[in-house]
Amino acid sequence: QVQLVESGGGLVQAGGSLRLSCAASGLTFRSYHMGWFRQAPGKEREFVGRISWSGGSTSYADSVAGRFTISRDNAKNTVYLQMNSLKPEDTGVYYCAADRLGSTDGYDYWGQGTQVIVSS
């Protein structure tokens, strides 16, 4: 059974930092690209960033580029989202997702999410 479990969310003041973690189990982690998404209250879920299976390639939404960094540790089956210079508009539920190498039908597995609240 595949599980993606996010952690590290919480309440932080604007300008602060948080690091989210996503621990994966039940899959061959290095066979998956990993993504982070978020959903703000009343809005659709949006792409935050993505990291390749090896960690050698990353991409980010324009809204977070230069402030957020995705990394992964394949030995620990974990992907991270380092969030700096947080803004109130970064508030939302953050999800990690796994995209199997070679798959063309989107992300295969999703976590349950972790809440991030950025106060002004």
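**Exercise 1. Which residue meets Glu-46 in a salt bridge, and which network do the two belong to?**

Solution. Start at the side chain of Glu-46: together with that of Arg-38 it makes a salt bridge, N to O 2.6 Å. The term stands for a side-chain nitrogen of Lys or Arg within 4 Å of a carboxyl oxygen of Asp or Glu. Before going on, a word on the source: this is a predicted model, in which local features need pLDDT of at least 70 and side-chain atom pairs count only at pLDDT 80 or more, while totals for chains, interfaces and linings use all residues. Residues are numbered from 1 along each chain as its sequence is written, and side-chain values use heavy atoms, with hydrogens and water left out.

Next, look at accessibility, where buried means under 20% relative accessible area, exposed over 50%, and partly exposed in between (1.4 Å probe, protein chains only). Glu-46 has 35% relative accessibility, so this residue counts as partly exposed. Arg-38, at 5%, counts as buried.

Now follow Arg-38 to a second partner: its side chain also meets Asp-90 in a salt bridge (2.8 Å, N to O). This pair links distant parts of the chain, with Arg-38 in strand E4 and Asp-90 in the loop between E8 and E9, 52 residues apart. Strands here (E, at least two residues) are DSSP runs, numbered from the N terminus. Asp-90 is buried because its relative accessible area is 0%.

Finally, put the pieces together: Arg-38, Glu-46, Arg-67 and Asp-90 are linked in a network of salt bridges. A search of the whole structure gives five salt bridges; one of them joins Arg-100 to Asp-108, with the closest N and O atoms 3.1 Å apart.

**Exercise 2. Which cysteines does the disulfide join, and what is its handedness?**

Solution. First, search the whole structure for a disulfide (a pair of cysteine sulfur atoms within 2.5 Å): one is found. It joins Cys-22 to Cys-96, S to S 2.0 Å. Then check the torsion about the S-S bond, which is about 50 degrees, so the disulfide is right-handed. As for location, Cys-22 sits in strand E3 (residues 18–25) and Cys-96 in strand E9, 74 residues apart, and the pair links distant parts of the chain. Both cysteines are buried.

**Exercise 3. In what order do the strands of the open sheet of four strands lie?**

Solution. Read across the sheet: the order is E1-E3-E8-E7, with antiparallel pairing. Two strands pair if DSSP finds at least two bridges between them. The edges are E1 (3–7) and E7, each pairing on one side only. Going closer, five bridges join E1 to E3, and Glu-6 stands opposite Cys-22 in E3.

**Exercise 4. How many residues has the largest nonpolar core, and which element gives the largest share?**

Solution. Take buried Ala, Val, Leu, Ile, Met, Phe, Trp, Tyr and Cys residues joined through side-chain atoms within 4.5 Å; such a set is a nonpolar core. The largest one has 26 residues, and those with the most contacts inside it include Met-34, Trp-36 and Leu-81. E3 gives the largest share, four residues. To see the surroundings of Leu-81, list its contacts (heavy atoms within 4.5 Å): leaving out residues up to four places away in sequence, Leu-81 touches, among others, Leu-20, Trp-36, Val-48, Phe-68 and Tyr-94.
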